[in-house]
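User: I am new to reading protein models, and I would like to learn how the words used for them follow from the values. Could we go through some examples together?

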Amino acid sequence: MKKRRLYIILGSIVVLLLIVYFKWNKKTDNEVITCKVVKGQIEIKVHTSGQLEAEKSENIIVPAELASRNVGIYEIKISDLIVEGSVVDSGQFIATLDHKVIEEVLTKAKEETELSSVALQDAKMDSSLTLSNFRDQLINSTSDVEEKKIIVAESAYESPSVIKKAEMDLEKVVRKLEQDKKGFELKERQAKSKVDRAALDLQQKQKKIDDLLKLSDALTIKAPKQGMVIYAKDRMGSKIQVGTSVSTWNPIIATLPDMTKLISKTYVNEIDISKIKIGQKVTLSIDAFPEKELKGEVITVANIGQPMPKSDAKVFEVKIRVFGFDPLLKPAMTTSNTIVTGVYDKQLIIPSEAIYSNDSIK
């Protein structure tokens, strides 16, 4: 009896514990978390990453003499550069361009100039000789005319046939004299033209030498003002370095950015670009200095998109002016940009967790 009573008591305790457990779990599952709906300000934001650039900068370009067609050098290699990021003063060395190309072209130009000088002397001698012969011929023709005139005068008392023949001979030599005069004028113009062409060719060859000498003196590139040197990119998109070829079609070697006025250049996807407007406020943080927070505003929004690498998506270039100056900021630093595209006051606000879906209904 005692054992039976003990089993009954233990069974009752177990049942009671089970009832308490299930009631406690049911209460926990049905517990509702609530919050108050409040009125406040809502900001719509677009987040992008960008890169710092100077809003204004001065370009360091290839020498202007390289643009001369007379020089005949269309591109030239860089043989020496200072380290990118160096801070330079006005007139300080930046780069050196390859002198070998200039020396080769200059040597050839000097040889061509010597040949042109000889050609000019030959043209002058030929012209002088040719004109001398024509002058002698013209003198002879003039003498023939004078001689025939005397014969005509002396034939005044001769028979009509003799007079007629004398007059005809005079007409012939007069015509020949006129032809010789015209021929001399033509030869004189031809000789002058030949000498002028030779002289012009020599002048052009000499000018090429002068331009090459000026270019040779300008192959040492110096800073036009104080600043930090940032090298440009070549036509393949790579940073300019020793051995890179530069030309008048891609003349920028480096830039000296004005670090007191910075922008962040970023790209916004085509889904969000319609929200971006000039003048919108931006908060920027620098990846290198997470503790820094900067303010700025949108200053340009591209009208035409460009494809993202290895993707069908399109992005649009957006430039953000950074307010203030900080000496720690450097070009090419990565920025995290938060663009405020809309601000709405006195809106009803609830946590996003309070929104749930039942099929297609929220």
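Analyst: Let us begin with Gln280, which, when its neighbours within four places in sequence are left aside, is in contact with Lys275, Gly296, Glu297, Val298, Ile339, Val340 and Thr341. Please keep in mind that this is a predicted model.

User: Why is Gln280 called buried?

Analyst: The relative accessible area of Gln280 is 11%, and buried means under 20%, so Gln280 is called buried. This residue is found in the loop between strand E11 (262-269) and strand E12 (281-286).

User: What makes the approach of the Gln280 side chain to the backbone nitrogen of Lys277 a polar contact?

Analyst: The side chain of Gln280 reaches that backbone nitrogen of Lys277 at 2.9 Å, and a polar contact has its pair of N or O atoms within 3.5 Å, so the distance fits the definition.

User: How do you know that E12 and strand E13 pair?

Analyst: Pairing asks for at least two bridges, and E12 and strand E13 (residues 289-301) have 6 bridges in the antiparallel sense, so they count as paired. Within this pairing Lys281 stands opposite Glu297 in E13, and the two strands form a hairpin with 2 residues between them. E12 is also joined by 5 bridges to strand E16 (residues 334-349), again running antiparallel, and there the bridge partner of Thr283 is Thr338.

User: Which residues of E12 lie on its covered face, and which on its uncovered one?

Analyst: Val282, Leu284 and Ile286 make up the covered face of E12, while Lys281, Thr283 and Ser285 make up the uncovered one.

User: Why is Asp98 said to have no salt bridge?

Analyst: The nearest side chain of opposite charge, that of Lys100, is 5.9 Å away from the buried Asp98, whereas a salt bridge needs a side-chain nitrogen of Lys or Arg within 4 Å of a carboxyl oxygen, so the pair does not qualify. A side-chain oxygen of Asp98 does, however, reach to within 3.1 Å of the backbone nitrogen of Lys100, at the start of H2. Asp98 itself lies in the loop between strand E5 (93-97) and helix H2 (99-154), and, not counting residues up to four places away in sequence, Asp98 touches Ile76, Lys77, Ser79 and Leu219.

User: What makes the reach of H2 close to the expected one?

Analyst: H2 has 56 residues, and the 82 Å from its first C-alpha to its last is set against the 82 Å expected at 1.5 Å a residue, so its reach is called close to that value.

How values were computed
Residues numbered from 1 in each chain as written. Predicted model: local features only at pLDDT ≥ 70, side-chain atom pairs only at ≥ 80, totals over all residues. Heavy atoms only, no water. Helix = DSSP H or I, 4+ residues; strand = E, 2+ residues; numbered from the N terminus. Buried < 20%, exposed > 50% of the residue type's maximum accessible area, 1.4 Å probe, protein only. Lys, Arg positive; Asp, Glu negative; His and termini not counted. Contact = heavy atoms within 4.5 Å. Polar contact = N/O pair within 3.5 Å; in protein donor to acceptor, adjacent residues only side chain to side chain.
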